Amino acid sequence: MERKIGAAWVLIAILSFSILSVNWLTLTGTTEFTSGKPERSELIVEIEVDSDTTTQEIRIEKATPFVLWMLVRDSVGEDTESENSDEIEVESQQEPEDDDQSSMENMQSILTAFVSVFGFVAILSALQVRIRKRWMFAFWGIGLILFLSLPMAWMGDMGQSLDSGLPEEQGPEEEEAFVHVNSESNFEVVFIGVEFHFIGDGWDLGMVDEEERNSTIEEPPSDEDHDAHIAWDGQISLRYGNAVTIWLTIGLLLLVMATYERVQNKQNLADSEE
């Protein structure tokens with residue numbers, strides 16, 4: 001029995017350290033423009049988090065309509081805005097982003113140290129150092145809570161980005177570029193993750209003649225086939241990576257080991273009584 005238990009502990013140690021080399025979280029976002037000048041263009045964002053890095057990839061498929069939209073639209077920003085006010089705005093927007101990044105890095109460091117210690121304890125157990133199973137189960141449970149808590153900040157950020165319908169960084173950066181924005185969003189729980197779905201539309205003042213902008217702001221035009229009427233449909237998928245699957249496998253192995261030891265102890269006790 002000791003040999004089988006030792007082999008199981010070795011397997012748990014290998015699985016624990018393998019968590020440090022696989023993805024922890026995967027976020028995929030897609031937005032397809034369904035009306036207006038950028039119609040048919042699709043924006044795709046892919047973000048992956050592992051133990052020490054966060055990689056991000058942004059690409060545009062069928063990019064020609066989107067590029068033409070950006071080229072032909074007029075700026076609707078105030079020409080009299082001072083550079084100082086712009087700098088203050090950028091700094092105020094950048095500060096919470098830095099805080100979020102700092103929090104993510106801290107969580108990555110904590111989980112990396114936690115998993116490493118767990119793997120080291122598994123090695124000690126394989127060397128027949130007596131460690132109570134209840135402690136290992138408690139240790140594993142804390143790790144599971146940490147993994148499940150990892151995307152909470154991201155989910156909050158995604159909820160804020162969907163409030164206006166059109167996700168940030170996927171259109172003009174001017175605050176007042178869109179008027180009469182209508183949007184709907186919902187989310188559903190999927191296998192080891194969540195998905196956000198959103199649809200929306202609005203009127204881009206940059207695609208409206210300057211003399212008609214005031215009337216467009218007061219009331220949306222009746223012609224919804226106008227190039228200025230921009231509509232979009234998309235989804236954001238946030239899923240736990242292979243790390244959570246491995247961690248759940250470790251928990252299952254701990255449960256099997258505890259059950260096996262209990263059965264063997266009962267059998268040995270029965271044999272000794274006979």
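A residue is called buried when its relative accessible area is under 20%, exposed when that area is over 50%, and partly exposed in between, as found with a 1.4 Å probe on protein chains only. By this scale Arg239, with a relative accessible area of 30%, is partly exposed. The structure is a predicted model, in which local features need pLDDT of at least 70 and side-chain atom pairs count only at pLDDT 80 or more, while totals for chains, interfaces and linings use all residues. Residues are numbered from 1 along each chain as its sequence is written, and side-chain values use heavy atoms, with hydrogens and water left out.

**Salt bridges between distant parts of the chain**

- A salt bridge is counted where a side-chain nitrogen of Lys or Arg lies within 4 Å of a carboxyl oxygen of Asp or Glu, and by this rule the model has six salt bridges.
- One of them joins Arg239 to Glu195, whose closest N and O atoms are 3.1 Å apart.
- This pair links distant parts of the chain, since Arg239 is in strand 6 (residues 229-240) and Glu195 is in strand 5, 44 residues apart; helices (H or I, at least four residues) and strands (E, at least two) are DSSP runs numbered from the N terminus.
- Glu195 counts as buried, at 12% relative accessibility, whereas its partner Arg239 is partly exposed.
- Another salt bridge brings together the side chains of Asp204 and Arg73, with an N to O distance of 2.7 Å.
- Because Asp204 lies in strand 5 (residues 193-204) and Arg73 in the loop between helix 2 (64-72) and helix 3, this pair ties together parts that are 131 residues apart in sequence.
- Both partners count as buried, Asp204 at 0% relative accessibility and Arg73 at 12%.

**A salt-bridge network**

- The side chains of Arg59 and Glu61 meet in a salt bridge at 3.7 Å, N to O.
- Arg59 is partly exposed, with a relative accessible area of 28%, and Glu61 is also partly exposed, with a value of 34%.
- Glu46, Glu57, Arg59 and Glu61 are joined into one network by salt bridges that share partners.

**The surroundings of Ser125**

- Ser125 lies in helix 3, which covers residues 83-126, and at 9% relative accessibility this serine counts as buried.
- When neighbours within four places in sequence are left aside, Ser125 is in contact with Trp9 and Ile131, where contact means heavy atoms within 4.5 Å.
- Although Ser125 and Trp9 are 116 residues apart along the chain, their C-alpha atoms are separated by 6.4 Å.
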